[in-house]
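Colleague: Could you walk me through one part of this model in detail? I would like a close look at one strand and its partners, and then at the surroundings.

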Amino acid sequence: MSRSTALLPLLLLSTAAVAHDHDHLHYQATSPAPAQSAPQRTPAERNAVITATLPEDQAAMKAHVMFLASDAMAGREAGTRDYDIAAQYVAAQFYAAGLRPGGDEGGYLQKVPLVAYRVADKGSAMWTPAGGQPQELVFGEDFVPSPVPNAKETSLSAPVVFVGHGIDAAPYGLNDYKGVDVRGKIVAFLPGTPEGLGGEERAFFGSAANKAALAAARGAVGAIQIDMPRAGGRQRPFATLARYYDAPRVTWANPDGTAHAMTPATPVLGTLSQAGAAKLFGKGWDAVVKAAASAKPAYKPLVARGALTVASKTGFKPMDSGNVIGLIPGSDPKLKDEVVVLSAHLDHIGTNDGGEGDRINNGALDNAIGIASLIEEAKRFKTAATPPKRTVMFLAVAAEEKGLVGSDYFANHPTVPLKSIVADVNLDMPILTYKFEDMVVFGADRSTLGPIVRKAVGAMGLPVSPDPMPEEGIFVRSDHFRFVQKGIPSVFLWPGQAGPGKAAVADFMSHRYHKVGDEIDQGIDWSQGPRFVSVNYAIAREIADAPERPVWNKGDYFGTLYKGPMAAK
């Protein structure tokens with residue numbers, strides 16, 4: 001369907017008094033059912049699903065989702081005009097709720113300078129063995145370059161050291177750097193993680209960016225990944241990687257227009273194929289291949305005798321967007337300068353390319369309903385008999401679907417002092433198609449937020465259940481994790497999977513997650529909206545009024561990894 005501006009005049013009327021200046025939960029269903037095509041409906045048929053009368057609190061939530069997940073918003077992709085309109089809507093709702101502006105220049109919007117970056121050419125890679133002649137690594141056969149976020153041109157020549165999976169984590173008994181000095185060298189590592197790690201750890205340590213950060217901390221000047229299909233696993237031809245080598249990526253921009261990099265001095269240069277790795281490491285690579293074929297691979301560091309020279313160019317395209325921020329000031333003289341953040345992502349994935357019929361990914365549950373919950377929770381705080389003791393921030397972030405980018409920008413450019421933020425409670429994609437009987441709070445057991453959460457949820461007559469899908473590593477895969485990376489205790493809430501929940505969640509993940517079927521008429525149980533808001537309000541209120549700010553549990557890995565103001569000892 002084409003993009004429509006039919007709702008724009010109404011929106012502009014509602015935002016007349018509002019200032020106009022302003023890296024997702026990426027879930028993979030383990031056993032997805034075949035996708036079902038969405039039924040085609042006329043506008044009249046779509047409107048028919050919203051005519052039923054609902055109680056006021058339910059109707060308010062539905063009204064937000066009706067607008068944000070409408071076809072007029074065309075999927076709210078960050079960096080588009082459609083997203084900007086959605087952001088203005090949220091700003092208007094914050095204004096109507098009586099929140100103070102918390103963005104730039106006295107407004108509700110914080111400009112997020114998004115930038116798309118991509119490899120601008122095929123670059124070059126040359127291997128020079130010790131005492132030998134340079135050998136070109138063939139693009140698409142031996143090597144595929146990666147874009148370097150913070151440099152228009154990159155040229156690097158250094159020795160190469162293979163370090164297995166490139167992980168150093170003593171609490172998990174892992175140290176691929178044992179006995180090897182990588183200072184001034186390019187670190188080469190395999191994708192993924194060893195067997196035996198939990199889902200959260202696997203998702204975290206499996207990230208090439210996080211591996212590069214570990215290498216950077218040890219003095220490496222570059223990083224490169226080696227394509228190694230797992231024994232018995234899915235085999236992806238290296239040529240497929242080469243075919244999409246110049247696909248754009250998105251993050252926030254540096255002042256010079258280049259892209260923010262987690263490890264600016266240690267770029268991820270690209271990916272070597274098995275053939276390319278064999279050219280660098282010679283016969284020593286045979287032992288690596290043999291180890292990879294075993295049930296529990298164990299790798300020893302391997303030094304390539306020579307130097308790898310890589311040159312590439314990266315292109316950049318600005319695509320500005322914005323976060324939306326509202327505040328309820330704290331009332332306690334001693335605690336009012338501390339801030340509890342309630343976050344939710346406003347963006348979705350836009351429209352599908354090509355094809356006929358419905359191409360709009362409306363994102364009703366992902367995450368229009370999370371934003372609706374955020375707005376309604378703000379109203380609860382504002383109309384409460386007593387104001388919160390700590391300041392409460394309501395943060396609607398951009399570009400979560402691009403890699404938690406809007407929240408990362410806020411965490412690096414906070415509109416309040418970073419040390420004043422005591423916790424983040426994140427609302428992302430609550431699946432409200434059933435009457436939930438429990439709650440799942442990812443990350444609760446990592447800090448003193450755990451007892452706070454259990455008290456608040458228990459007061460609502462609900463148990464807190466364990467993570468029902470630990471293999472997915474959800475704790476490290478939504479916006480709250482950007483606060484964790486700044487050392488701030490954080491949690492992420494979902495309705496649990498007791499009773500009808502398991503089947504309902506599986507159905508959504510298989511048939512509507514990141515698909516055109518995530519629309520307002522998918523069978524959302526609107527009676528569950530106010531219940532979800534009530535649970536979140538109870539949790540946030542407990543944090544806001546607690547005598548002490550949350551701290552990480554002693555020895556928690558993420559609490560010790562990131563040295564924030566409340567880091568674990």
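Modeller: Happy to; here is strand 14, followed by the cores, some backbone details and the confidence values.

A word on conventions comes before the tour. This is a predicted model, in which local features need pLDDT of at least 70, side-chain atom pairs count only at pLDDT 80 or more, and totals for chains, interfaces and linings use all residues. Residues are numbered from 1 along each chain as its sequence is written, and side-chain values use heavy atoms, with hydrogens and water left out.

Strand 14 covers residues 302-318. Helices (H or I, at least four residues) and strands (E, at least two) are DSSP runs, numbered from the N terminus, and two strands pair if DSSP finds at least two bridges between them. Strand 3 (residues 114-119) runs antiparallel to strand 14 and is joined to it by 5 bridges; here Tyr117 sits opposite Phe316. Strand 4 (residues 124-129) also pairs with strand 14 in the antiparallel sense, over 6 bridges, and Ser124 has Ala311 as its bridge partner. For strand 7 (residues 153-162), the antiparallel pairing with strand 14 extends over 9 bridges, with Ser157 partnered by Thr309.

Thr154 belongs to strand 7 and gives a good view of that pairing. Its C-alpha lies 6.2 Å from that of Lys313, although 159 residues separate the two in sequence. Thr154 is buried, at a relative accessible area of 11%; buried means under 20%, exposed over 50%, and partly exposed in between, with a 1.4 Å probe and protein chains only. Not counting residues up to four places away in sequence, Thr154 has contacts (heavy atoms within 4.5 Å) with Val148, Leu269, Val310, Ala311 and Ser312.

Now to the cores. A nonpolar core is a set of buried Ala, Val, Leu, Ile, Met, Phe, Trp, Tyr and Cys residues joined through side-chain atoms within 4.5 Å. The largest one has 106 residues, and the members touching the most others are Val324, Leu346, Phe394 and Phe558. Helix 10 gives the most to this core, 10 residues. A second, separate core has 28 residues, among them Phe143, Leu280, Ala304 and Leu308. Back in the largest core, Phe558 touches Phe204, Arg446, Phe475, Val476, Phe481, Val484 and Trp552, leaving aside neighbours within four places in sequence.

Some backbone details deserve your attention too. Most residues other than glycine have a negative phi, and most peptide bonds are trans. The bond from Asp366 to Asn367 is cis, with omega near 5°, and Asn367 falls in helix 10 (residues 364-383). Ala74 is not a glycine, yet has a positive phi of about 50°; Ala74 lies in the loop between helix 3 (56-68) and helix 4 (81-96) and is buried at 1% relative accessible area. Arg76, in the loop between helix 3 and helix 4, has a positive phi of about 50° as well and is buried at 0%.

His511 in helix 14 (residues 501-511) is buried at 13%. Its side chain makes a polar contact of 2.8 Å with that of Asp507; such a contact is a pair of N or O atoms within 3.5 Å, where within protein one must be able to donate a hydrogen and the other to accept it, and residues adjacent in sequence count only if both atoms are side-chain atoms.

Finally, confidence: pLDDT is the predictor's confidence in each residue, from 0 to 100. The protein's mean is 89, and 88% of its residues reach 70 or more. Over residues 1-38, pLDDT stays under 50, and the model has 97 contacts beyond four places in sequence for them. Where pLDDT is low, the predicted coordinates should not be read in detail.
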